[in-house]
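Q: Could you take me through how the helices pack in this one, against each other and against the sheet? A close look at that part is all I'm after.

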Amino acid sequence: MTVQVTVWDDRERAGRGPAPALFVHNIFTWGSDPAYGFAGQRPLADSRRLLLMDRRGYGDSPDTARSDFDVDADDVVGVLGDGACAETPGGAHLVGHGNGAVAALIAAARRPDLVRSLALIQPSAFTAAAHHPVVAALLDRVRDGAPGIPDGVTPERYLRASTEGLGMAMPEPTPRRLRAVATSMGERPVWEADIPLDPIRAAALPVLVICGTWERAPAAYREHVGLPLMAVAESLTDSLGGRLLRVPGYYPHTQEPATVNAALREFWG
């Protein structure tokens, strides 16, 4: 296996059972991280196996010269085809957050036969919603040369600017966190992603999109990040014939884990 996959299985009787679920994380984090990852989804392991993939350069996965959503998508397909997912016919449930949702979408489009359902938590799939005015404005800004990260900025300084600089609490800058931030700083921009939705529609995959309402978010964070993400969530829900769940806050699965977990349980059936 090229990437690290953490397995949670708290069932009284392990073995063959409901289809497993594979989670793909966002930036600054890793699969089992309590701050931004999926630690809050651990209760779901009482009924099925949960697989938490650390993308390259994050968590316990190997370093990478540059994190890339296309490579991540290949890794997702590899995990989906591995024995841990293949024990139940019909594929696994796939869950992606942020940039991890971009990789999940591309993986599902490449191998829909390995995916039982697709849950997208605030997907950063901007190019799949480029027709929306708020998203189009964002893409215009970044493609016209929005300022990048200045030379000499350390991961700790970048983490502080990305959290405290926007009015949010900064997680402890541990070596593990700073490695994740360093990888995120060099990640291939998601606005370069080609996200084919037709194969997902053709496969009639069940789709759940989960998005925060952002009313409690710091104003700058809501304007520059929240509004485009909400627009993407609405657009993907319409494009894929999915269901949209709006959750209070701006980090649904960590701020409102009980609500998100209940929705996932219902969605997975």
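A: Sure, let's start with one helix pair. Helix 1 goes past helix 3 in a right-handed crossing. Bear in mind that this is a predicted model. The two stretches are residues 69–80 for helix 1 and residues 99–110 for helix 3, and their axes come within 8 Å while crossing at roughly 60°. An angle from 35 up to 65 degrees falls outside both the roughly parallel and the roughly perpendicular range, and helix 1 and helix 3 are therefore oblique to each other. On the helix 1 side, the contact is built from Phe69, Asp70, Asp72, Ala73, Asp74, Val76 and Val77. Helix 3 answers with Val102, Ala103, Ile106, Ala107 and Arg110. Sort those by class and you get 8 nonpolar and 4 charged residues, with no polar ones.

Helix 3 also has business with the sheet. It lies across strand 2 (21–24), strand 4 (92–97) and strand 5, and runs at about 145° to strand 4.

As for the sheet itself, it's an open one with 7 strands in the order 1-3-2-4-5-6-7, and the pairing is mixed. Strand 1 (5–8) and strand 7 (243–247) sit at the edges with a single partner strand each, so one side of each has no neighbour in the sheet. Ignoring direction, neighbouring strands are turned by 20° against each other on average.

Further along that order, strand 5 (residues 115–121) and strand 6 (residues 207–212) run parallel, joined by 4 bridges. If you want a spot to zoom in on, Leu120 has Val209 in strand 6 as its bridge partner. Helix 8 packs on the sheet around here: it touches strand 5, strand 6 and strand 7, and its direction makes about 160° with that of strand 6.

Helix 8 brings us to the other helix pair. Helix 4 (residues 133–143) packs with helix 8 (residues 219–239) at an angle of about 125°, the axes being 8 Å apart. That makes helix 4 oblique to helix 8. The crossing of helix 4 past helix 8 is left-handed, whereas helix 1 passes helix 3 in a right-handed one. From helix 4, Val134, Val135 and Leu138 meet Leu227, Pro228, Ala231 and Val232 of helix 8. The class split for the contact of helix 4 with helix 8 is 7 nonpolar, no polar and no charged residues. Set that beside the contact of helix 1 with helix 3, which does include 4 charged residues.

Note on methods. Residues are numbered from 1 along each chain as its sequence is written. This is a predicted model: local features need pLDDT of at least 70, side-chain atom pairs count only at pLDDT 80 or more; totals for chains, interfaces and linings use all residues. Side-chain values use heavy atoms; hydrogens and water are left out. Axes are lines fitted to C-alpha atoms, for helices over the stretch in contact, and angles run from 0 to 180 degrees between N-to-C directions. Angles under 35 degrees count as roughly parallel, over 145 as roughly antiparallel, 65 to 115 as roughly perpendicular and the rest as oblique. A crossing is left-handed if the near helix is turned anticlockwise from the far one by less than a right angle, and right-handed if clockwise. Contact means heavy atoms within 4.5 Å. Ala, Val, Leu, Ile, Met, Phe, Trp, Tyr, Cys and Pro count as nonpolar, Asp, Glu, Lys and Arg as charged, and the others, Gly among them, as polar. Two strands pair if DSSP finds at least two bridges between them.
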